[in-house]
Amino acid sequence: MEIKIGRNDPCWCGSGKKYKKCHCDFDEIIEEHAVLGEIVPPRSLIKNKAQIQGIKDSGVINTAVLDYVAENIREGCTTEDIDKWVYTKTVELGGVPAPLNYDGYPKSVCTSIDEVVCHGIPSKDRILKSGDIINVDLSTNYKGYYSDASRMFCIGDVSEEKRKLVSVVEKSVKLGLAEVKPWGHLGDIAQVIKDLAHENGYTVVREIGGHGIGLEFHEDPWVSYLTDRGTDMLLAPGLCFTIEPMINMGTYRTVIDKDDGWTVRTADGKPSAQREIQVIVTETGCDVISH
Ligand code: MF3
Ligand code: CO
């Protein structure tokens, strides 16, 4: 239960507007869903206008750096090169790479090749070769606002099998994005993603998912891509989160590297692909923050 606010009091979101002209109707809808036992987002996750602008500005930088990676990535470069580009470009645009020193993470970006599911650490020893599929996962802190997105790149001559995996994960996120609308549920997104993956004979990683984001790098909710339509958290305007399924060619099981404590690999060594976008629910649908 949230504290009752007078209609003429300032809104809880910090907009400075009167409650009746701001989140009053919003709260009524939330209450209707809450009494049905649905999971509704707490007020702390709902971004106000100023925060949304800050998050969008961060996202513009994040997407620009991903575009820069896309223009320069090629066979023969190392994942350490990618790390350097990301650090240099992000700082040039006024941001800070969010992964750097996050929980002790040593680099500015995650580079995950083939059987690496996520959190691959850039290295001067890993040279991109023809046939690799690589996920470059980039996150930016700009004036305290966070953005996060990742793309797959096919290096040189990639097998038909791996190309299909990459195109299915890309398509799954597009389908997921089309589900993001006010008063839907996170499960609507998960349903279309897992259906497409399973139709293609693939599996969806269970223990690593998406997340709320904006004022922190990782906020609630934790986002699964295995839940059912109509379940999981209610999508309310102002809720900001990532859509970032990891889809595997073989088993969904994963193993964390014992030596570095970060690199997540498929348990069977078969390829995995991921795509990540960041979205925010609006009054009418959603905005893509970074992609
Ligand atoms: N970008 C990843 C995500 O989507 C998080 C990476 S955390 C790091 O949530 F420390 F490994 F960079
Ligand atoms: Co993320």
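The questions and answers below deal with a predicted model, its two ligands and two of its lysines.

Student: Which residues are closest to ligand 1?
Tutor: This ligand is surrounded by 14 residues. By class, 6 of the shell residues are nonpolar, 4 are polar and 4 are charged. The closest are Pro99, Asp137, His211, His218 and Glu244.

Student: How much of ligand 1 does the protein bury?
Tutor: Start with the side chains that meet its polar atoms. A nitrogen atom of ligand 1 is 3.0 Å from an N or O atom in the side chain of Asp137, and an oxygen atom of the ligand is 2.8 Å from one in the side chain of Glu244. Taken alone, ligand 1 exposes 330 Å². Of that area, the protein buries 96%.

Student: Which residues coordinate the cobalt ion (ligand 2)?
Tutor: The donors are spaced along the chain as D-x62-H-x32-E-x31-E. Their distances to the cobalt ion run from 2.1 to 2.3 Å. In the order of the chain, the coordinating residues are Asp148 (OD), His211 (NE2), Glu244 (OE) and Glu276 (OE).

Student: How far apart in the chain are His211 and Glu244?
Tutor: His211 is in strand β7, residues 210-212. Glu244 is in the loop between β9 (240-243) and β10 (246-248). The pair therefore links distant parts of the chain, with a separation of 33 residues.

Student: Why is the arrangement around the cobalt ion (ligand 2) irregular?
Tutor: For six octahedral donors, the ideal angles are 90 or 180 degrees. Around the cobalt ion there are 6 donor atoms. The arrangement is irregular because these atoms subtend angles of 48 to 159 degrees.

Student: Is Lys162 buried or exposed?
Tutor: Lys162 lies in helix α4, residues 160-178. Its relative accessibility is 14%, and the cut-off for buried is under 20%. Lys162 therefore counts as buried.

Student: Which backbone oxygen does the side chain of Lys162 reach?
Tutor: One partner of Lys162 is a side chain: a polar contact of 3.0 Å joins Lys162 to Asp114. The backbone oxygen is reached at 2.6 Å. That oxygen belongs to Gly131.

Student: What does Lys270 count as, by its relative accessibility?
Tutor: Lys270 is placed in the loop between β12 (264-266) and β13 (272-274). Its relative accessibility is 44%, and the class between buried and exposed runs from 20% to 50%. Lys270 therefore counts as partly exposed.

Student: How far apart in space are Lys270 and Val116?
Tutor: In sequence, Lys270 and Val116 are 154 residues apart. In space, C-alpha to C-alpha, the separation is 8.9 Å.

Conventions
Residues are numbered from 1 along each chain as its sequence is written. Chains are lettered from A and ligands numbered from 1 in the order in which they are written. This is a predicted model: local features need pLDDT of at least 70, side-chain atom pairs count only at pLDDT 80 or more; totals for chains, interfaces and linings use all residues. Side-chain values use heavy atoms; hydrogens and water are left out. A residue is near a molecule or strand if one of its heavy atoms lies within 4 Å of it. A polar contact is a pair of N or O atoms within 3.5 Å; within protein, one must be able to donate a hydrogen and the other to accept it, and residues adjacent in sequence count only if both atoms are side-chain atoms. Accessible areas come from the Shrake-Rupley method with a 1.4 Å probe; for residues, only the protein chains shown count as cover. Ala, Val, Leu, Ile, Met, Phe, Trp, Tyr, Cys and Pro count as nonpolar, Asp, Glu, Lys and Arg as charged, and the others, Gly among them, as polar. Donors are N, O and S atoms within 2.8 Å of the metal (3.2 Å for Na, K and Ca); water is not among the atoms, so sites may look incomplete. Four donors count as tetrahedral if all angles lie between 85 and 135 degrees; four count as square planar and six as octahedral if opposite donors are over 155 degrees apart and all others between 65 and 115; anything else is irregular. Helices (H or I, at least four residues) and strands (E, at least two) are DSSP runs, numbered from the N terminus. Buried means under 20% relative accessible area, exposed over 50%, partly exposed in between (1.4 Å probe, protein chains only).
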